[in-house]
Structures are given as C-alpha cells and as structure tokens.
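Before reading on, please take a moment with the sequence and the structure below. The paragraphs after them are meant as a guided walk for someone who has not met this structure before.

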Amino acid sequence: MSVTAPITLSARNLIRCFGQREVIHGISLELRHGEVLGLLGHNGAGKSTTLQMLTGALLPHSGQIEICGFDLSRQPQNAKARTGFLPETLPLYREMSVNDFLIFAAKLHRMPRAQIEDALTETKRRCGLQNHGKKTIGTLSKGYQQRVGIAQAIIHQPEVIILDEPTVGLDPSQIRDIRTLIRELGNMHSVILSTHLLGEVESICDRVEIMHHGRLIYGDSSTKMQQYGSQPGFIVTLLAPPVLSELQAIIEVQQVDQLSATQFRILHAANTNPSAALLALAAQHGWQAEQLVPLRTRLEDVFMQITQDDKL
Amino acid sequence: MILAIAHKEFRSLFVIPSTWLILGALQFILAWFFLARLDAFLQVQTQLAQLANAPGVTIAVTTPLFGTVALILMMLIPIFTMRLIAEERRNQTLILLMSAPVSDSHIVLGKFIGLMLFLLLIIASCILMVLTLAAGTQLDTGLLLTNALGIVLLAASYVALGMYVSSLTAQPAVAAIGALAIFFGLWLMEVSAMENDNIWRSLTPTSHFQSFNNGLLNSTDLIFFLLFCTAFLLLTIRRLHNNRIYS
C-alpha cells in the first residue's frame with residue numbers, strides 16, 4: 001500500500017443519533033486502494049453502526065460519505081454497487097442453495113448477466129466453496145456459512161469490502177483461512193474490518209483506528225500502535241555478565257534493570273539504539289551474549305492504555 | 001432489479017414444504033367446492049329451464065366459487081406477507097437488500113410482484129377449473145373475466161396491506177395476526193353495514209369486489225383497488241426508508 005494509492009472511501013464528520021441520544025460523534029475515515037483498515041473497539045463502541053452507515057443501510061444524520069468518488073446520499077446506486085458488505089449476523093437465506101444465493105447477490109449488485117457465471121466459479125474457488133455449490137445454506141456448518149457470507153460480499157468484485165467481525169465463531173484453522181483470504185483481498189481491493197480481536201489486527205491490518213464511545217480516538221499503522229506509550233528497549237542475556245555500572249556506562253543507555261543473574265532490561269531513547277555498541281563490547285570483553293530481544297508491548301496492553309487514556 | 005427480487009421471492013416460496021402443503025390443500029378445497037356447486041346446479045337445472053331468462057352455469061358456479069376464493073385469500077395472504085419483510089428483519093437478511101444498490105421502491109415492488117405471481121397461480125387454477133365446463137356448455141366469458149380481474153385486484157390490495165403490516169414489525173407472527181385482524185375488521189365492516197351506500201362499506205375491498213363478482217366492471221371499483229394498492233405500497237416504501245433513519 002502506498003500513500004499515493006487512490007482513495008476509495010472517505011467519510012467526513014459522520015453523526016448518528018438514536019432518538020435524542022447521539023451515538024456517533026463526528027467520525028472521519030479515509031481508505032486507500034490496497035489497504036486493510038481495522039476498526040477496533042469495545043462492544044457498543046459504535047463499530048457496527050459506523051460500518052452500516054458506510055454501506056448505506058443506515059443513513060447518517062449529518063456528514064458525507066464518498067465511495068470511489070460517488071456520494072452515497074446523492075448517487076447511492078453507483079456508490080453501493082462498489083461496496084460489498086458482510087454484516088455481523090450473516091444475512092443468509094437458509095433455504096436457498098449456495099449457487100442460487102450467490103447468483104442472487106451478484107444480480108442485486110448489478111453485475112452484468114454474462115459475467116456472473118465466471119464470477120461465481122472464481123468466488124467459490126477463493127472462498128473454498130467449490131464442492132458446496134448445490135448444498136442448501138441452512139445445512140452448512142458455521143464456518144462454511146461464514147465463507148458464503150464473505151463470498152456474497154466479494155462476488156461482484158467491489159472496490160471496497162466492509163466486514164463486520166468476519167472471524168467470530170470460527171475454529172482456529174478456519175480463522176487462519178479467512179485471515180489469509182482477507183489479506184489477499186486487501187491487496188486487490190480496500191478492506192475495512194471491525195473486530196475486537198487484537199491478534200486479528202496484528203496479523204492482517206495495515207492501519208488501525210480505535211473507536212471508543214462513538215469517537216475515533218486513535219489512528220495509526222498497526223506496527224506504530226504497538227510502540228504506543230512504551231519506551232523502546234530490549235532484553236539482553238549475558239552468560240558472563242559484567243557489573244551493572246559497566247552496562248550503564250554504555251552511551252545512549254538510559255536505564256538498566258537486572259531481571260535475573262544473566263538477564264538485563266535495557267531502556268534507551270526512541271531515536272537511538274545502543275544494541276550494536278553493547279554487542280561489540282560483549283564480544284570484546286567476553287560477556288557471552290546469548291540473546292537480544294527487543295521489548296514488544298502486547299497489543300492488548302496498548303489498546304487498554306489508549307482506551308483508558310481517553311477516559312481520563 | 002425488481003425482477004431479480006421478484007424471482008427470488010417466487011422461487012423461495014417453492015423450496016418451503018408448507019407452500020406445497022397449502023397449495024395442495026387449497027386445490028382440494030376449491031375442487032370440492034366447485035364440484036358441489038356444479039352438482040347443485042345439475043339438480044335444479046330442469047326447474048331452471050322452465051324460467052324465462054334463467055341463470056346459466058357460469059353464474060351458478062363461478063360467482064360462489066370466486067366468492068369463496070376471496071374469503072380464503074383473506075385468510076391465506078397474511079401467512080405469505082409475514083415472510084416478506086418481518087421475517088427478513090428477524091433473520092437479519094433485510095440488511096442484504098438495504099446495503100445493495102437497490103432503492104426501497106425496488107425492494108417493495110419486487111416482493112409485491114413475487115408474491116402476486118404465486119397468487120396468480122392459485123387464481124389461474126380456479127379459472128382453469130371453470131374453463132373445463134366449456135367442454136360441455138357455452139360459458140359466459142365476460143362474467144368469468146370480470147371475476148378473474150376482481151380477484152386479482154382484491155389479492156393485490158390484500159398483499160399491499162399485508163406487506164405494510166409486515167414492514168411495521170420484526171415478528172412474523174405479529175405481522176400475520178395483525179394483517180389477519182385488519183382483513184377481518186374490513187370484512188366485518190362490510191357485512192355489518194346497514195345500508196348499501198354506507199361510507200364504511202365503501203372503504204372495504206370486499207364490497208368493491210362484489211360488483212366484479214356479479215360481472216360488473218365499475219370504474220369506481222377499479223380506481224378504489226388501484227388507489228388502495230398504491231397507498232399501501234407507498235406507505236411500505238416510506239416505512240423502509242424510515243428504517244434507515246430511525247433504527
């Protein structure tokens with residue numbers, strides 16, 4: 001994903017009320033071609049409402065949504081034809097066969113009749129449904145129903161794919177398959193997915209937006225998010241360690257904590273890295289450096305930290 | 001787009017076993033009724049022949065047969081209209097249509113046409129039954145056609161009203177009972193009206209069907225049915241639009 005890739009979806013100042021209560025307070029989002037954006041948040045943070053507004057199923061009370069240059073409120077049919085949506089609860093007609101349902105979904109999205117047959121074969125291949133075309137949806141397992149749900153969202157080859165908690169209720173191997181599929185889709189289209197599984201964000205998203213009480217409170221690339229609020233550093237294991245003051249004396253090292261007889265946690269400033277100097281010294285003095293692991297915060301901690309910072 | 005939705009509605013009716021059961025039972029009842037009326041006519045036929053300007057077989061069989069169909073449709077249509085929107089809302093499949101590039105009017109018209117196509121099958125089977133009499137006698141085609149038109153219009157107005165009730169709720173059972181209650185209310189309004197030109201009476205679809213049933217093609221009745229259908233279809237479209245704003 002490059003910064004110059006065209007913007008496929010942009011939302012500005014979306015506000016949505018339920019009755020008198022405003023639940024979404026001025027959300028703005030942008031999505032570029034070839035990008036996977038993760039929308040993170042607690043239950044009830046407003047993720048599903050936001051996604052439904054982006055698909056046109058709900059209308060925002062104010063604000064503007066543009067999909068591939070088409071305004072969703074003025075040219076809804078052009079805009080919606082370029083999106084595919086998988087809602088939180090699977091919108092499947094249980095009595096239909098997989099083929100019939102997917103063909104119906106393609107027709108609904110104004111796909112030319114001549115292309116439907118090829119699109120159907122291709123989509124079934126991508127979602128691993130080749131052998132399930134004639135089966136009735138109601139008889140499929142949850143994992144396969146989820147695949148049909150995703151197939152329904154991508155059969156018309158939309159520019160923007162919106163997935164609301166796509167891996168909920170799946171077993172680990174199915175989750176892995178679906179994630180691979182989403183990553184693959186993300187390279188050719190733009191994907192927004194909402195989730196509260198942080199591992200999902202870590203493994204498939206290029207960018208993260210955190211939503212809390214109807215507001216976007218944090219947005220950055222998912223690798224940057226992992227460094228949020230933590231001081232950079234590493235843990236080094238030295239089998240023949242020197243005295244603590246010798247380690248502290250190394251330039252750029254800010255703090256050294258001894259974790260065990262051989263393990264030390266070394267913290268340094270964000271824009272410097274004393275690890276090379278340390279390793280050189282270790283080789284020189286025979287400290288027997290065994291392991292050097294960069295400190296990495298768990299996404300969970302970062303997430304909790306960000307959402308709690310907001311409460312204060 | 002309307003046709004894609006109509007086609008899906010029509011086809012999905014036939015994958016449910018209960019549809020076949022209803023079709024079979026209905027055909028049995030109507031055939032029984034048809035034969036009973038025919039039998040009654042044959043018994044009095046000799047006496048009728050002595051009258052001047054005697055009623056023919058068409059009026060003796062068709063009028064009561066279509067009168068019964070009208071009554072049965074009144075009870076049957078809510079079972080089908082409840083599926084149209086309320087059940088989709090409960091199964092959360094409505095969002096598929098709401099997020100697709102189709103307008104609310106396309107959704108409503110598609111569903112309306114899909115169910116009407118199904119009801120036309122039932123009506124056509126009745127007409128075919130009456131047409132079998134053509135093998136033995138001369139039929140009053142005018143009377144048969146007005147009855148057919150009348151029953152189609154009556155079914156259309158029931159579907160439009162039933163679909164509107166269906167759009168108000170997420171509980172199919174509520175939609176079915178609600179629609180049935182309204183249909184019954186309208187029917188009671190008609191049978192309990194004292195005078196013929198009562199205003200209450202003129203508001204009910206069944207009273208307007210009466211003239212079609214008797215072989216009269218009255219423009220007032222025609223306009224009533226068209227207005228009735230249009231009004232409730234528009235209300236349903238409006239309701240779906242409000243769904244995007246308030247739900």
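What follows goes from chain A as a whole to its sheet and helices, then to the contact between the chains, and ends in chain B.

The model is a predicted one, and chain A is a convenient place to begin. Its C-alpha trace spans about 75 × 50 × 35 Å along the principal axes, and the chain contains 11 helices and 14 strands. Of the 312 residues in chain A, 40% are buried. When contacts between residues at least 6 apart in sequence are considered, 68% of them in chain A join residues at least 24 apart.

A good landmark in chain A is an open sheet of six strands, whose order is S6-S7-S8-S3-S9-S10 and whose pairing is mixed. At its edges stand strand S6 (83-86) and strand S10 (215-221), and because each has a single partner strand, one side of each is left without a neighbour in the sheet. From one strand to the next, the twist averages 15 degrees.

Within this sheet, strand S3 (36-41) of chain A deserves a slower look. How many of the six residues of S3(A) are buried? Six of the six are, so that the strand is mostly covered. In a regular strand the side chains alternate between the two faces of the sheet. In S3(A), Val36(A), Gly38(A) and Leu40(A) point one way while Leu37(A), Leu39(A) and Gly41(A) point the other way, and all of these are buried.

S3(A) is joined to S8(A) by five bridges, with the two strands running parallel, and in this pairing Leu40(A) has Thr195(A) of S8(A) as its bridge partner. S3(A) also pairs with S9(A), again in the parallel sense and over five bridges, and here Leu39(A) stands opposite Glu209(A) of S9(A). Going on from there, strand S9 (residues 207-212) pairs with S10(A) in the antiparallel sense over six bridges, and Glu209(A) stands opposite Gly219(A) in S10(A).

Helices of chain A pack on this sheet as well. Helix H5 (residues 142-154) touches S6 and strand S7 (160-164) of chain A, and its direction makes about 165 degrees with that of S6(A). Helix H6 (residues 172-188) of chain A lies across S3, S7 and strand S8 (190-195), running at about 145 degrees to S8(A).

Elsewhere in chain A, strand S1 (residues 7-18) pairs with strand S4 (residues 62-67) in the antiparallel sense over five bridges, and Ile15(A) stands opposite Ser62(A) in S4(A). S4(A) is in turn joined by two bridges to strand S5 (residues 70-71), the two running antiparallel, and the bridge partner of Ile67(A) in S5(A) is Phe70(A). S4(A) and S5(A) form a hairpin with two residues between them, and Cys68(A), in the turn, has a positive phi of about 50 degrees.

Is helix H1 (residues 47-55) of chain A enclosed by the rest of the structure or left open? Eight of its nine residues are buried, so the helix is largely enclosed by the rest of the structure. Among these buried residues of H1(A) are Lys47(A), Gln52(A) and Leu54(A). After H1(A) comes Gly56(A), which has a positive phi, near 90 degrees.

The next stop is the contact between the two chains. It takes 22 residues from chain A and 16 residues from chain B. On the side of chain A that touches chain B, helix H2 (76-81) and helix H3 (98-108) each supply at least two residues, and the largest share, four residues, comes from H2(A). The residues on this side of chain A divide into 13 nonpolar, five polar and four charged.

The walk ends with a pair of helices in chain B. Two packed helices are described by the angle between their axes and the distance between the axes. The axes of helix H6 (residues 141-168) and helix H10 (residues 219-246) of chain B come within 9 Å and cross at roughly 20 degrees, which makes H6(B) roughly parallel to H10(B). Their crossing is left-handed. The residues that make the contact include Ala156(B), Ala160(B) and Tyr164(B) of H6(B), together with Phe225(B), Phe232(B) and Arg239(B) of H10(B). By class, this contact of H6(B) with H10(B) has 14 nonpolar, three polar and one charged residues.

Methods
Residues numbered from 1 in each chain as written. Chains lettered and ligands numbered in written order. Predicted model: local features only at pLDDT ≥ 70, side-chain atom pairs only at ≥ 80, totals over all residues. Axes fitted to C-alpha atoms, helices over the stretch in contact; angles between N-to-C directions. Parallel < 35°, antiparallel > 145°, perpendicular 65-115°, else oblique. Left-handed = near helix turned anticlockwise from the far one by under 90°. Contact = placed C-beta atoms within 7 Å. Nonpolar A, V, L, I, M, F, W, Y, C, P; charged D, E, K, R; others polar. Pairing = 2+ DSSP bridges. Buried ≥ 20, exposed ≤ 12 C-beta atoms within 10 Å, placed from the backbone.
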